[in-house]
Each structure stands twice: as C-alpha cells, then as structure tokens.
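Open the model in your viewer and get ready to select residues by number. We will make a few stops.

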Amino acid sequence: MLLLLALLSQDVDPWRTCRVRPVAPDLKAHTIHAYYVASPESPDGRRTLFYASTARTAYEGDVQIIEGGARKTIAANVVVEDAHRSACQQWISGGRRVVFHDFRGGEWVVVRVDVDTLEEKILAKGRQVGFGAAAGDVVPIYGPHGAPGPRRDLELVDVETGEIRVALTADAVRAAYPEWTAKVFGDRPISIFFPVLSPDGQRVFFKIAAAKPSTLDPRSPEFFRRSCSDRQGLLCFNLKTSRLTFPAPHNWGHPAWHSDGLRILEINHVLIDAETGATKKIPDLPKLQGGPHPSVQPGGRLFVTDFTPPLEDPKTAGLWPILVGDLRGGAHAVVHVVDNRGGAQSWRRGHPHPVFSPDGKRLYFNSTEGEWSRLLVAELGN
C-alpha cells in the first residue's frame, strides 16, 4: 500500500511547485479560453487560442492566437453570449483550423477559420457550436437552447466539406426516454443541447433543453437569463452504432470525456461508462463544493478540477482553487488558487475551467482577479 501511494504521489507532486504566468501578459484586455472540455493549446503545442475583449462585459471581442509571444487576430468583432464560454472557440483539423460561433445579422452562425491563411467560411446559420475533437474534422452544432426553432436535433458538420448531417433527432430521444422526458419537460418540444464529442469522435454526450413560453429571439433580454429554458440530463450517443447508450439519463454536473473516449468524468470524482452508464467513484479524494469543472489529462493518469470554496477555508468567498488528482485515487494537491472576484462583468460569470495541454505538461485556466479576466498557464519545472 505504501508503495502504491508513493507511485501515485510521483505523478501529482511535480504540480505542487508549478510556475503560473499569464498567456498574454502585456495585453490590456480580457483573455479567456473557452471551456474545460477543450484545450486552448494547439495539438502541436505551438499556439494558444483565446478570446480577447476590451469591453467591460466582454460581449464583443476578437478570436486570437499567440505563438512565440506574437499575437494574431483570426476573427474580429465577434459577438458572444457571455464571458463564461466566450465564442466556444476551439481547435479542429489537427490545429490547422479554428471553429467558433458568432452572432451576425440577427442570427447565430458557426464559423471556420484557417489559422494560416485566415480564410473564413460560415458552416451553419441559426446554430451554435458544441465541442469537437481537435484531431478530427467534425464538430457538433445545435439550435440555441432558448429559441431553437426547427433546429432541435444533433447535427454534425464537416469543417472540410461543409456537409451537415443529422446524427440523432430530438424525437428519437423522447421515444427512448418517454417517462423521463415527460416528467422533466412535459409536452414541450425538446432540443438536443451542448453536445461534446469524445476524443476519438466515436461518441457524444449532451443534455436536453426545452425553451420556456416567455422566450423571445435569441438576442433578446430573455436570452440573457438562465431561465430562458430548462436544461437537464446527461445522455450519451454512440455515433458508430447509432445508439443511445445509457439505460436512463444521468444528472448533468459538469461532465468531461476521459482521454480513452470510453468513460466520462463527472463532478466529485465519478467515472461513468459511456456504453453502459455504470458509475465508479474514484476513491480517497476530498468532496468538493460549488460547481467543479473536472477534465482528464491526455494519457489518463491525472485529472484537474476547479472548485469553491477552498479546502483550507470553506468560508472564503470568491476563491477557486485548482486541484490536480490521480485518477486511481488518493493523491491530490491544490496547485493554485484563483481569485474570481473581478474580471469581465458578464451576466454569466467566468470560471477557471482548467484543462491540460495536449501533451499533459501544462495547465490552462481563467482568472478574474482585478479589472481583466486573464488566461493563465501553469507549467512544470525542469
């Protein structure tokens, strides 16, 4: 047992002395990485992707990359829903392209940009983008949860060809889980919301949304409220076998794919089998408060999560520790504490949303200390 604990600690211990720095230290603007389910670092490690805004709310800004200290704007004047996920900007096509969504001409559009040529293509209108797999060429898209209109199904768009196909209909979800959907949403039309592809592109998890009767168009004041729709459930679909895999929907906490693409990591250290829905608790780890955002290190040895309040002082408000832990359980360490009391004055607050680099040697997370929201990176020493 002592040998096992020592081995576990060897993976966690280096993170106790990591160095933390801002990604764009000289930029007087909000710099925000999109979410804990997608690394802002390109698959080859050369570039870092973020959303930058000088607006107090961060509702308008630019999608930028930084390479070797040099910044480059790849999309300007982008309008976003909030500062929480910004433009959902993400790497795709092995790092050759970036996909994001933007509100243009009165509707949401999903956009692809070639990072070298800056060639831009609108892939879909009337939709927002979920999260794809950076190595692939496919991203999931969906109708806005508050006003999906006819776009209620899970669609996949090929960023190379622009082809859009329906992978799963909302009606098929209702047919598969009739009692659950009736209990949660009644007879209101439902839509598939916030799909996230597994790293191998074989599976997708998502939740279900039903717009409330008072919802207006997707940029009205109603849209900037949590109450514009009801959003519930964690469901999983196998794209290869065209099958909803869970016997019944799980509760949605903050799920993230394990790097093996076969399991889903949920809040408070629960692993869910993506094919059976069976759960397994990672042992001997502290119970975390608030709304943790866990994600898995590529290679599947460690995980990282933010949480609030801190373990050291449960009464301290506004501080979000970043915790690294071993997926086998036991070993864990708080590697940094983020002050989350400033930053962009968005209707939906930004959170740290920690995530590993593709090689697992760096951690990226947002901080909202002071005037600006800032993207930070934690790096291991030599």
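This tour of a predicted model visits aromatic rings, then a sheet.

**Stop 1: a stacked pair.** The model holds 12 aromatic pairs. Select Tyr 35 and Phe 131. Their ring centres are 6.1 Å apart and their planes meet at 20°, so this pair is stacked: the cut-off is under 30 degrees. Now trace the chain around each ring. Tyr 35 sits in the loop between strands S2 and S3, and Phe 131 in the loop between strands S10 and S11, so the pair ties together parts 96 residues apart in sequence. Are these rings buried or exposed? Tyr 35 is buried, at 4% relative accessibility. Phe 131 is buried too, at 0%.

**Stop 2: an edge-to-face pair.** Select Tyr 142 and Phe 193. The ring centres lie 5.3 Å apart with planes at 90°, so the pair is edge-to-face. Tyr 142 belongs to strand S11 and Phe 193 to strand S14, so parts 51 residues apart in sequence are tied together. Tyr 142 is buried at 1%, and Phe 193 is buried at 4%.

**Stop 3: the cluster.** Add more rings to your selection. Ring pairs link a cluster that includes Tyr 35, Phe 131, Tyr 142, Phe 193, Trp 252 and Trp 257. Next, select Arg 85. Arg 85 lies over the face of Tyr 35, 5.4 Å from the ring centre.

**Stop 4: the sheet.** Select residues 295–296 and 332–339. These are strands S22 and S25, the edge strands, each pairing on one side only. They belong to an open, antiparallel sheet of 4 strands, ordered S22-S23-S24-S25. Inspect S23 (302–306) and S24 (319–326): 5 bridges join these antiparallel strands. Finish on Thr 305, whose bridge partner in S24 is Leu 323.

Note on methods: Residues are numbered from 1 along each chain as its sequence is written. This is a predicted model: local features need pLDDT of at least 70, side-chain atom pairs count only at pLDDT 80 or more; totals for chains, interfaces and linings use all residues. Side-chain values use heavy atoms; hydrogens and water are left out. Two strands pair if DSSP finds at least two bridges between them. Helices (H or I, at least four residues) and strands (E, at least two) are DSSP runs, numbered from the N terminus. Rings of Phe, Tyr and Trp (its six-membered ring) pair if their centres lie within 6.5 Å; planes under 30 degrees apart count as stacked, over 60 as edge-to-face and the rest as tilted. Buried means under 20% relative accessible area, exposed over 50%, partly exposed in between (1.4 Å probe, protein chains only). A charge sits over a ring if NZ of Lys or CZ of Arg is within 6 Å of the ring centre and within 35 degrees of the ring normal.
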